[in-house]
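Colleague: I'm new to this one and would like a close look at a single part of it. Could you pick a helix, walk me through it, and then show me how its surroundings fit in?

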Amino acid sequence: MHWILLIIAGLFEVGFAFCLGKAKLLTGTPQLLWLAGFIFCLSISMLLLYKAIQVIPIGTAYGVWTGIGAAGTVIVGLLFFKEPMSFWRLFFLFTLVASVVGLKVVSN
């Protein structure tokens with residue numbers, strides 16, 4: 001159950017990065033709404049991370065959480081913000097995902 005919470009926390013980390021990216025492109029009320037989404041996603045992400053570290057070692061949980069967030073944010077950047085895709089970006093994204101999976105495999 002705590003691993004599921006940790007994965008969801010990582011997805012909310014991707015959500016708050018996405019909201020920041022959208023807010024950067026806008027002004028006025030739409031920008032404020034995206035910033036409110038950022039605060040919401042940030043709060044949920046932190047709460048779920050806190051719940052997960054009650055059972056999962058903090059070093060492992062934090063590494064997995066940031067890995068999910070980083071990998072997800074790269075994917076969001078490629079899909080929604082037209083960031084450049086190159087062999088090396090995809091290669092290092094793959095190594096990041098492999099590292100996160102490795103942390104899960106070697107954790108109790």
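Modeller: Happy to, and keep in mind that this is a predicted model. Before the helix, a quick stop at the surface: F87, W88, F91 and F92 make up a nonpolar patch there, with about 490 Å² of accessible area together. F87 belongs to helix α4, which covers residues 87-106. F87 counts as exposed because its relative accessible area is 57%, and the cut-off for that is over 50%.

Now for the part I'd pick, helix α3. It runs over residues 58-80, 23 residues in all. From its first C-alpha to its last it reaches 31 Å, close to the 33 Å expected at 1.5 Å a residue. Plenty of α3 is tucked away: T60, A61, V64, W65, G67, I68, G69, A71, G72, V76, G77 and L78 are buried. What lies over those buried residues includes α1, α2 (28-52) and α4. Just after α3 comes K82, and its phi is positive, near 55°.

Let's take the covering helices in turn, starting with α1, which spans residues 2-24 and holds E13. Setting aside its neighbours within four places in sequence, E13 is in contact with S45, W65, T66 and G69. Two of the residues in that list, W65 and G69, are also among the buried ones of α3. E13 itself is buried yet has no salt bridge. The nearest side chain of opposite charge is R89, and that is 14 Å away, whereas a salt bridge needs the atoms within 4 Å.

So where does R89 find a partner? R89 forms a salt bridge with E83, with the closest N and O atoms 3.3 Å apart. The count for the model comes to one salt bridge. Both partners sit partly in the open: R89 is partly exposed, because its relative accessible area is 28%, and E83 counts as partly exposed too, at 34% relative accessibility.

That leaves α2, where you'll find A36. A36 is partly exposed, since its relative accessible area is 41%. For a sense of distance, try going from A36 to G67: they are 31 residues apart along the chain, and their C-alpha atoms are separated by 24 Å. G67, you'll remember, is one of the buried residues in α3.

Technical notes: Residues numbered from 1 in each chain as written. Predicted model: local features only at pLDDT ≥ 70, side-chain atom pairs only at ≥ 80, totals over all residues. Heavy atoms only, no water. Helix = DSSP H or I, 4+ residues; strand = E, 2+ residues; numbered from the N terminus. Buried < 20%, exposed > 50% of the residue type's maximum accessible area, 1.4 Å probe, protein only. Lys, Arg positive; Asp, Glu negative; His and termini not counted. Contact = heavy atoms within 4.5 Å. Patch = residues over 30% accessible without salt bridge, like charges linked within 9 Å, V, L, I, M, F, W, Y side chains within 5 Å. Areas by Shrake-Rupley, 256 points an atom, 1.4 Å probe, with all protein chains shown as cover. Expected span 1.5 Å × (residues − 1).
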